[in-house]
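Biologist: Please take me through this structure one question at a time, and give the cut-offs behind each term as we meet it.

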Amino acid sequence: MPAPSKSVLTLPNVRAQAAVHRASLIVFEDPKSLALMQRIELIAPSDANALIVGETGTGKEIIARHLHDLSARSRGPFVAVNCGAFSETLVESELFGHERGAFTGATVAKPGWFETAHGGTLFLDEIGDLPLPLQVKLLRVLQERQVVRIGSRKPVEIDVRLVAATNVHLEEAVAAGRFREDLYYRLKVAAVDLPSLRERPGDILPLARHFLRIYGERLGVRNATLSPVAEQQLVTGHSWPGNIRELENVIHHALLVSKGRVIRPEDLNLASLRPRTVSPTNANHRELEAESRFRSALLALFEEGGEQLHLRVEDLVINTAYEYCHRNQLQTARLLGISRNIVRARLVQSGQLLAIRRHAETVEAS
């Protein structure tokens, strides 16, 4: 009886203006991944907008690229844009373009990513980070199928399929007023839920062997293999919070430190990454204790009084989370369940407030 065929997704080495796509090969062997591939094959031929939902590092851009490659637009451009990579003032120009003299520094006219992706697919990653005013404009572009550059009144017709991605629950963002409900439904015509790596363990070893080949060739360690114990540890000894990206880094590190062609468990460096196991009872108890301490601290702050208490509390939460996340704005946003733009704005604002307070203290001292 012949062996079952494996679903293989191959990406060419494509360099788009918005992003660089590395050559990549992913072998899907887990049943969940095979079911996902079947769904993508059904969705891909249409021009319907698609929304890919998955944790960081699960390969959302790869799935978006595969949707493009299987569509009638495959000969057109595939443009990938990270909505969280631009400031609020810059993202509008990047998406919709601008005319010469539209603002300070606009010395030449520039098409936006929608125009660049004409005839192809535009992939907007971290769509949940898009500011509300830009969400309104994006909705209009999707409805009218035309963009108006900043500084122009002339609409430009576009023919673009939009594929968006997010690692947050947009339903919660809609309920919190951070994301427009009408845009959410406009994007989620074709939904793709991308499982985390821990939910598809059948892909772990095929991916690990693929990364062994890729990095082995780069490092001159050909035909590297995993020991049986190392394989077992990869599959059952770690929850992979960083998903495929984390697995790739682990294999790369293992090849760097390995003393031979066989990767051993000690080469994997998973100990520092392995999450602590906490029973639900202990976890609930610790959570209640933490909330109680936080409540006591708030009461003490309220008793002290002072101006702008609400801002001071928000300041404290966001800045503490920022330090906890090693001053990483994206991780802070994910930890707090808010957009990166909100974190950035509040950090800027809190810096201004701090400067005002220091100035006031200096005046009082003098």
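Biologist: Is T236 buried or exposed, and what is its relative accessible area?
Modeller: This is a predicted model, in which local features need pLDDT of at least 70 and side-chain atom pairs count only at pLDDT 80 or more, while totals for chains, interfaces and linings use all residues. Residues are numbered from 1 along each chain as its sequence is written, and side-chain values use heavy atoms, with hydrogens and water left out. T236 lies in helix α9 (residues 228-236), where helices (H or I, at least four residues) and strands (E, at least two) are DSSP runs numbered from the N terminus. Buried means under 20% relative accessible area, exposed over 50% and partly exposed in between, with a 1.4 Å probe and protein chains only, so T236 is exposed, its relative accessible area being 55%.

Biologist: What distance separates the C-alpha atoms of T236 and R198?
Modeller: Along the chain, T236 and R198 are 38 residues apart. In space, the separation of their C-alpha atoms is 9.2 Å.

Biologist: Does Y184 count as buried or exposed, and at what relative accessibility?
Modeller: Y184 sits in helix α7 (residues 181-187), and its C-alpha atom is 7.9 Å from that of V174, ten residues away along the chain. Y184 counts as buried because its relative accessibility is 6%.

Biologist: How many salt bridges does the structure hold?
Modeller: Side chains of opposite charge can pair when their charged atoms come close. A salt bridge is a side-chain nitrogen of Lys or Arg within 4 Å of a carboxyl oxygen of Asp or Glu. Some of these bridges are joined, since D47, R73 and D159 are linked in a network. The number of salt bridges in the structure is 16.

Biologist: Which residue forms a salt bridge with K137?
Modeller: The closest N and O atoms of this pair are 2.2 Å apart. The bridge links distant parts of the chain, from K137 in helix α5 to a partner in helix α3 (residues 88-96), 45 residues apart. K137 is partly exposed, at 37% relative accessible area, and its partner is E92.

Biologist: At what N to O distance do the side chains of R149 and E99 meet?
Modeller: R149 is in the loop between β6 (146-148) and β7 (155-157), and E99 is in the loop between α3 and α4 (113-116), so far along the chain that 50 residues lie in their spacing. R149 counts as buried, at 17% relative accessibility, whereas E99 counts as partly exposed, at 24%. Their side chains meet in a salt bridge with an N to O distance of 3.6 Å.

Biologist: Which residue forms a salt bridge with D182?
Modeller: D182 is partly exposed, with a relative accessible area of 33%, and its partner is partly exposed too, at 29%. The closest N and O atoms of the pair are 2.7 Å apart, and the partner is R180.

Biologist: What is the volume of the largest pocket?
Modeller: On a 1 Å grid over the protein atoms alone, a cavity is a set of points where a 1.4 Å probe fits but cannot get out, a pocket is an open set with protein on both sides within 12 Å along at least five of seven lines, and lining residues have an atom within 4 Å of a point. Grid points are joined across faces, edges and corners, and a volume is the space filled by probe spheres set on the points. By this reckoning the volume of the largest pocket is about 1600 Å³.

Biologist: Which element gives the largest share of the lining of the largest pocket?
Modeller: Of the 48 lining residues, those closest to the centre are L330, Q331, A333, R334 and L335. The largest share of the lining is five residues, and they come from α14.

Biologist: What is the phi of E126?
Modeller: Most residues other than glycine have a negative phi. E126 is in the loop between β5 (121-125) and α5 and is buried, with a relative accessible area of 10%. Its phi is positive, near 55°.
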